[in-house]
Amino acid sequence: MDVNGPGYNNQGNGKAHQNQDTIRSGLPVQAMQKNERSTHIPGIEKEVDIINIKGIEDIGYVQSDSVLLNSLIPEENTRCQHGLYFQDGERRVDYVLTYHIKKPSSSRSNRHSYCFTDNAFTRTLRRGTARLGRPPPPQPRGDLEVAPHDHSMDYHEDDKRFRREEFEGNLTDMGLELEKDEDTKTPGVGFVKIHAPWHVLCREAEFMKLKMPTKKVYEVKQSSGVGAKISTLVSKATEPLHPNVEENRVHNVKHLSYAFSREKQHLFDLSDRESFFDSKTRSSIVFEILKRTKCTKAKYSMGITSLLGNGVYTAAYPLHDGDVDGENVEPNDRKLLYEEWASYSVFYKYQPIGLVRKYFGEKIGLYFAWLGLYTQMLIPASLVGVIVFLYGCATVDDNIPSMEICHPKNNITMCPLCDKACSYWKLMEACGTARASHLFDNPATVFFSIFMALWAAMFMEHWKRRQMRLNYEWDLTGFEEEEEELKDHPRAEYEFRVMQKSLKKEHKTQKKPTEVAEETTNKWKQTVQSAMAGLKLTEKEKLTCRDRFPAYMTNIVMMLLMIGVTFAIVFGVILYRISTNAALHLSNNPTTRSNVRLTVKTTAAIINLVVILILDEVYGAVARWLTVLEVPKTDKSFEERLIFKTFILKFVNAFTPIIYIAFFRGRLVGRPGSYLYVFESYRMEECAHGGCLMELCIQLSITMLGKQLIQNNLFEIGIPKLKKLIRYIKSKRRSFQEEEREKKLQRYETDHFLEPFAGLTPEYMEMIIQFGFVTLFVASFPLAPLFALLNNIIEIRLDAKKFVAELRRPVAARAKDIGIWYNLLRGVAKVAVIINAFVISFTSDFIPRLVYQYMYSPDGSMHGFVDHTLSYFNVSDFQHGKEPMEPLHLGYPVDMCRYKDYREPPWSNTPYVISKEFWAVLAARLAFVIVFQNVVMLMSDIVDWLIPDIPKDISLQIHKEKILMVELFMKEEQGKRQFIDSDPWWRQREQQQARPYCPIALHSTHTQSHTCQQLLAATVQCGLVSSVNGY
């Protein structure tokens, strides 16, 4: 341990921090030392008002001639001109903060970049004013000609500037190096470039417990056997499908990883410090410091989230590594990702997941790994779905029920489909619908439903294994998310609410009668205590359930209201279908009357699609608003609550129309002579003779394809480009100057115009909804996996291009799994088994066909099935005013008509009463649901049990790593012990450190006061530090 702390260099002298400040300011070391020696800091005990010291405006931002020269002609430095480095061309920009600057009306056109001068005097001024409870003194802006004399800035701009100055000063105290730039081609925007030096990176990497590769390497032995040989053959066959990147190649050796420690730096290969921490790791380290650093202006603390929320800063983002296209573009990871991942020409290749993780972090890498595996698993599901569909096409001419319906001699007269306007019709008119229904309603669909249930279980197990393999390859096996949650900082809204609560409580206590003030000698103590209490208001208080109770009630009411809105819209579409059906039957055009069903079905499905797309956007905004009302403490809690609300609302929105068609339409109709009416005038709609499965297929296909084409693809392409265009227009950039200006923009300016990263929730959500379309109603639409596969092939490249070229680079986040999304997937897979059981049992005619064939058929065949499912109705029993207006539409009078139901005939003792065949079919349907559900879930559990979560080779490698790590430390300890035993000086020091007492304890026990020099000498004697240099 070194008393100099992490802010000093390895030599331990006290000048390191001073030299660091000098580098930031651009001044020579001798000039800084001279300036600090000649500066007298007034003491607080003399009650000098620091704010009124003359000449304070001359201290703050100082530029030497060399810095001014570099800022005027940055093109001379090739490393600096792209905006990836500071003006010196050596220090890399790890993070960028942007803020709004007010351009004076009468200012010169030239503005300059400048660095901070943060010497001992200015830091003392800040701390002194903070202790006195006064606002910090106004510091001059970067424009030395205008800023000191600009008195037109309003109070809010001054307040934001003071907060920025304090926050940036605190960042420099944390060891970060800053550089401001207001001379940009982006009017009204200033940039603060942040660089983390080596010692800060080491310190934070140790705090964050980042696993880094050590010098120790070991061989990854490949498993032997038949499985290994098959795997080798498959890998050779798929070699052309792998991207041409280094991170994707299989290596036989692997570096042993260990959590970074400054005390064990000898374990790591530090020969190239510039590349030891990559850009992703550097930006995440800086972001961690930004979250931890507080701005203590006023009586509450503010972090970077609060500063962004209050507009003190407008944006905070890390930089992309470089450009993706153009002339003379240097090779970088971003360009490689653009060529090998984000291009549509490589759609057939695997994703470079290793490079994605290296550039964007583990959380985004896991998303694309999951999406890639999901897309691969859709290939066998699509093949089986196409086979099932082709089987239906091949057997449609052999289907006996459809043959009976389409037979020319079929003269069955059916009852009217609507009141008055509709007349009697022949069953043969439903021939096309019956043949089309067989494509999706055949015995193969039952097999496909069972297959898809097992497919979902295998997909979940395969993902767990893939996830564990990635955890091993990415050195996340010892990573625990609980540690991240403990380090997760409060959100800006939470801090603000806690501050409001604290101020209210403090205001109430101040209104109470207080005792007489103490003597003058204790005033300083009271001041310090009150200041410390003010700074820790947000730490003492927290929001309780009582504070959030109104928000919880609002959430419940609004969620129920939004679900009610969805039901109301579905009901409105039902009324549209009923009224349109009746209106089209009144048409004089015979073509219109013959295509009534198809017209009504298609237009209603399109209306449902449009409503779903609109409500998706509305529900997304409502879910975010409700989550904000709850004021979750951390970003993780906010994300989980937002995901849950959004999923509930969007799931109900997408599947309510489909659930109505599958399970309710045609079941609440009544019978001829006693129909069920809505508002006493609209007769409830009934299914076609072939059943509602065909209509369910139409609704499902239009909704799924429409969402994928319009929402997932067009919106993702169009909206980011539109927002980017709007930002260009707001920045007063003209179209004819865009290409020329784009070449001159710095990297941090170019990234400023990109769309901010909004999280992975929209990406996961659309895939979860798609997973629902693929699994929930797959019995009615076996082509759903095929359409999902085609969409995902485009979706992967579309998302890749968006992340690489359209979005700002997100801060890398570590994660072991996909979080709450896995639980949602499992829930959807379980519900899919139940829904498919009910679809097969109640929506299709699979169970009635089985019951007829084995219970009522005279020869065990399907002949006579259609007649068996039709009941008789005497037309004289029509209600008055409900009979057809054209009873002779068929050319002859009708006495009896048929309708699809299991009821007694009118000549029986109990006319129109439900027959015993109905109860037999209902019992068979319920029995099938129970058997299907339990058998399929049992098979899914067997698949889950047979497939281990951790691959055997990965389990062996993890165990091997632990053994190698223990051996490494044992060898290190033995070498250290041998060295100590061979050196008398080290042996003597070990004996001194083993003493049970310390001179510091003696000093503190026998005397009340001692000098700093005595304490430091005692500290060294105890062996707690190695030197006292710089003190």
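This talk goes through the disulfides, the salt bridges, two helices and a surface patch of a predicted model.

Let me begin with the cysteines. A search of the whole structure finds three disulfides, and I will take them in turn. In the first, Cys406 is joined to Cys431 with an S to S distance of 1.8 Å, and the link is right-handed, with 100° about the S-S bond. Because Cys406 sits in helix H14, residues 400-406, and Cys431 in helix H15, residues 431-440, this pair ties together parts that are 25 residues apart in sequence. Cys431 is buried, at a relative accessible area of 19%, which is just inside the cut-off of under 20%.

The second disulfide joins Cys415 to Cys897, S to S 1.9 Å, and it too is right-handed, with 85° about the S-S bond. What does this link tie together in the sequence? Cys415 lies in the loop between strand E8 (413-414) and strand E9 (425-426), while Cys897 belongs to strand E15 (residues 896-900), so the parts it ties together are 482 residues apart. Both of these cysteines, Cys415 and Cys897, are buried. The third disulfide, Cys418 to Cys422, has an S to S distance of 1.6 Å and is right-handed as well, with 95° about the bond; Cys418 and Cys422 are both buried.

Turning to charged side chains, the structure holds 41 salt bridges, and I have picked out a few of them. Glu961 pairs with Lys254, the closest N and O atoms being 3.1 Å apart. Since Glu961 is in helix H34, residues 952-982, and Lys254 in strand E6, residues 253-259, the pair ties together parts 707 residues apart in sequence. Are these two partners buried or exposed? Glu961 is buried at a relative accessible area of 10%, and Lys254 is buried at 13%.

A bridge within one helix is that of Glu339 and Lys335, with the closest N and O atoms 2.4 Å apart. Both residues lie in helix H11 (residues 333-340), four residues apart, or about one turn of the helix. As a general point, an α-helix has 3.6 residues a turn, so residues three or four places apart point the same way. Glu339 is nevertheless partly exposed, at 38%, whereas Lys335 is buried, at 19%.

Between two helices, Glu695 forms a salt bridge with Lys601, the closest N and O atoms being 3.8 Å apart. Glu695 is in helix H25 (residues 693-730) and Lys601 in helix H23 (residues 596-630), so the bridge ties together parts 94 residues apart in sequence, and both Glu695 and Lys601 are buried. There is also a network of salt bridges, which links Glu461, Lys464, Asp944 and Asp949.

Next, a word on helix H16, residues 443-473, whose 31 residues reach 45 Å from first C-alpha to last, close to the 45 Å expected at 1.5 Å a residue. Asn442 caps the N-terminal end of H16, with a side-chain oxygen 3.0 Å from the backbone nitrogen of Ala444, and H16 is followed by Asp475, whose phi is positive, near 60°.

In helix H29 (residues 784-806) we find Arg797, which counts as buried at 2% relative accessibility. The C-alpha atoms of Arg797 and Ser345 are separated by 9.4 Å, although the two residues are 452 residues apart along the chain.

Finally, the surface: Phe549, Met553, Ile556 and Leu560 make a nonpolar patch of about 420 Å². Of these, Ile556 lies in helix H21, residues 545-585, and is partly exposed, with a relative accessible area of 48%.

Definitions and conventions:
Residues numbered from 1 in each chain as written. Predicted model: local features only at pLDDT ≥ 70, side-chain atom pairs only at ≥ 80, totals over all residues. Heavy atoms only, no water. Disulfide = S-S within 2.5 Å. Helix = DSSP H or I, 4+ residues; strand = E, 2+ residues; numbered from the N terminus. Buried < 20%, exposed > 50% of the residue type's maximum accessible area, 1.4 Å probe, protein only. Patch = residues over 30% accessible without salt bridge, like charges linked within 9 Å, V, L, I, M, F, W, Y side chains within 5 Å. Areas by Shrake-Rupley, 256 points an atom, 1.4 Å probe, with all protein chains shown as cover. Salt bridge = Lys/Arg side-chain N within 4 Å of Asp/Glu carboxyl O. Expected span 1.5 Å × (residues − 1). Polar contact = N/O pair within 3.5 Å; in protein donor to acceptor, adjacent residues only side chain to side chain.
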